[in-house]
Amino acid sequence: MLKIFKKYFTITLLILFIYLLFKENILFKNCILNGCLLFFNHVFPSLFPMFILQDFLLNYHFFSFLELFYPLFKKIFKTKISFSIFLVSTISGTPANAYLISNLVKEKKLSAQEASYVLSYSCFLNPLFLYNLFVTIFDQRVAFKIIFFNYLVSLFLAFCLRNHQQDTQHFSLAIAPLSLSQLLSTSIVKSFKVLITILGTILFYLFICEGLNLFLKQPILNCFINGFLETTGGLTKLSLLRINFHFKLILASFFVSFLGLSIHTQIKNIVSDVSISLKPFLFVRLVHWVLFAGILLIVT
């Protein structure tokens with residue numbers, strides 16, 4: 001019965017959007033163009049250099065050097081592999097970390113069960129991307145606080161979930177180094193593949209948001225729904241809202257913690273072939289928001 005309802009509900013929505021696509025053709029055309037501008041103005045300049053940086057750091061064994069500091073974090077991370085993934089994720093952000101986790105599962109260096117928990121606390125929006133957005137929404141001081149406490153809450157959650165980590169005695173992210181020309185070409189191709197997927201997913205959800213915006217006239221609800229579906233669009237709308245500072249902070253913390261269905265879709269597509277469950281991921285993201293919002297309200 002539920003499957004039949006979902007089927008006809010989906011068909012009804014598709015028919016509605018096809019109707020709106022023709023009726024509001026200029027509006028949706030502008031939505032696609034604005035989505036591309038949003039991507040190239042905010043997402044691409046932040047993510048592309050960080051993707052390249054991650055590959056260079058991996059190639060020249062920078063993270064292998066940082067693994068020497070693992071004993072200092074042994075109380076938080078039960079295994080070196082979870083510590084290493086967390087380190088890389090702080091730089092590359094999401095969904096690039098999902099590619100790394102998926103590859104480690106395929107190489108049998110990480111179990112699918114452990115991967116689902118590591119993924120749940122190692123998902124971050126790119127720090128440079130966050131900084132560029134929050135400087136415009138708040139100010140530089142608040143932007144740094146949001147980024148710092150986002151990592152701090154994730155470390156606490158890693159500690160809480162350490163019993164779901166399986167002890168791996170010998171592990172390192174060190175890879176066979178490539179020459180500079182090989183590394184650059186490989187990294188660019190891989191980065192563009194990820195970025196094109198991100199662009200397509202963002203445009204899809206912005207398209208849905210534009211359809212909903214025709215019916216959602218209340219600014220705060222409109223901003224929340226947009227951020228729930230696609231974080232970048234939600235944060236952009238948040239920058240235009242004239243609301244109480246602390247309420248704006250709560251919304252911002254939700255968008256950063258939950259990440260939006262757009263990123264959820266990207267992650268699900270990436271890990272679909274390695275059977276990683278996303279149930280822990282969804283639960284931990286909501287717990288992250290509660291803790292994150294609470295801390296920000298206290299310290300800001």
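The following exercises, each with a worked solution, concern helix packing and internal space in a predicted model.

**Exercise 1. Packing of H12 and H14**

Determine how helix H12 and helix H14 are oriented to each other, and identify the residues that form their contact.

*Solution.*
Step 1. Locate the helices: H12 covers residues 245-258 and H14 covers residues 279-299.
Step 2. Consider the geometry. The two axes come within 9 Å and cross at roughly 150 degrees.
Step 3. Classify the angle. Angles over 145 degrees count as roughly antiparallel, and H12 and H14 are therefore roughly antiparallel to each other.
Step 4. State the handedness: the crossing of H12 and H14 is right-handed.
Step 5. List the contact. H12 contributes His246, Leu249, Ile250, Ser253, Phe254, Val256, Ser257 and Phe258. From H14 come Arg285, Leu286, His288, Trp289, Phe292, Ala293, Leu296 and Leu297.
Step 6. Sort these residues by class: the contact of H12 with H14 has 11 nonpolar, 4 polar and 1 charged residues.

**Exercise 2. Packing of H5 and H13**

Establish the relative direction of H5 and H13, and describe where they meet.

*Solution.*
Step 1. Helix H5 spans residues 96-106, and helix H13 spans residues 260-271.
Step 2. The axes of H5 and H13 lie 9 Å apart, at an angle of about 20 degrees.
Step 3. Angles under 35 degrees count as roughly parallel, so H5 and H13 are roughly parallel to each other.
Step 4. The crossing of H5 past H13 is right-handed.
Step 5. On the H5 side, Ala98, Tyr99 and Ser102 meet Ile267, Ile270 and Val271 of H13.
Step 6. By class, this contact of H5 with H13 has 5 nonpolar residues, 1 polar residue and no charged residues.

**Exercise 3. Packing of H4 and H6**

Describe the crossing of H4 and H6 and the residues in contact.

*Solution.*
Step 1. Helix H4 (residues 80-92) packs with helix H6 (residues 112-121) at an angle of about 35 degrees, and their axes are 10 Å apart.
Step 2. H4 passes H6 in a right-handed crossing.
Step 3. Ile81, Ser82, Ile85 and Phe86 of H4 make the contact with Glu114, Val118 and Tyr121 of H6.
Step 4. The contact of H4 with H6 comprises 5 nonpolar, 1 polar and 1 charged residues.

**Exercise 4. The internal cavity**

How many cavities of 30 Å³ or more does the structure hold, and which elements line the largest cavity?

*Solution.*
Step 1. Count: the structure holds 1 cavity of 30 Å³ or more.
Step 2. Give its volume: the largest cavity contains about 140 Å³ of space.
Step 3. Identify its lining. There are 15 lining residues, and Leu47, Leu125, Ile198, Thr232 and Ile263 are the closest to the centre of the largest cavity.
Step 4. Assign elements. Helices H2 (25-59), H9 (180-213), H11 (231-238) and H13 (260-271) each give two or more residues to this lining. H13 supplies the largest share, 3 residues.
Step 5. Divide the lining by class: 8 residues are nonpolar, 6 are polar and 1 is charged.

Notes. Residues are numbered from 1 along each chain as its sequence is written. This is a predicted model: local features need pLDDT of at least 70, side-chain atom pairs count only at pLDDT 80 or more; totals for chains, interfaces and linings use all residues. Side-chain values use heavy atoms; hydrogens and water are left out. Axes are lines fitted to C-alpha atoms, for helices over the stretch in contact, and angles run from 0 to 180 degrees between N-to-C directions. Helices (H or I, at least four residues) and strands (E, at least two) are DSSP runs, numbered from the N terminus. Angles under 35 degrees count as roughly parallel, over 145 as roughly antiparallel, 65 to 115 as roughly perpendicular and the rest as oblique. A crossing is left-handed if the near helix is turned anticlockwise from the far one by less than a right angle, and right-handed if clockwise. Contact means heavy atoms within 4.5 Å. Ala, Val, Leu, Ile, Met, Phe, Trp, Tyr, Cys and Pro count as nonpolar, Asp, Glu, Lys and Arg as charged, and the others, Gly among them, as polar. On a 1 Å grid over the protein atoms alone, a cavity is a set of points where a 1.4 Å probe fits but cannot get out, and a pocket is an open set with protein on both sides within 12 Å along at least five of seven lines; lining residues have an atom within 4 Å of a point. Grid points are joined across faces, edges and corners, and a volume is the space filled by probe spheres set on the points.
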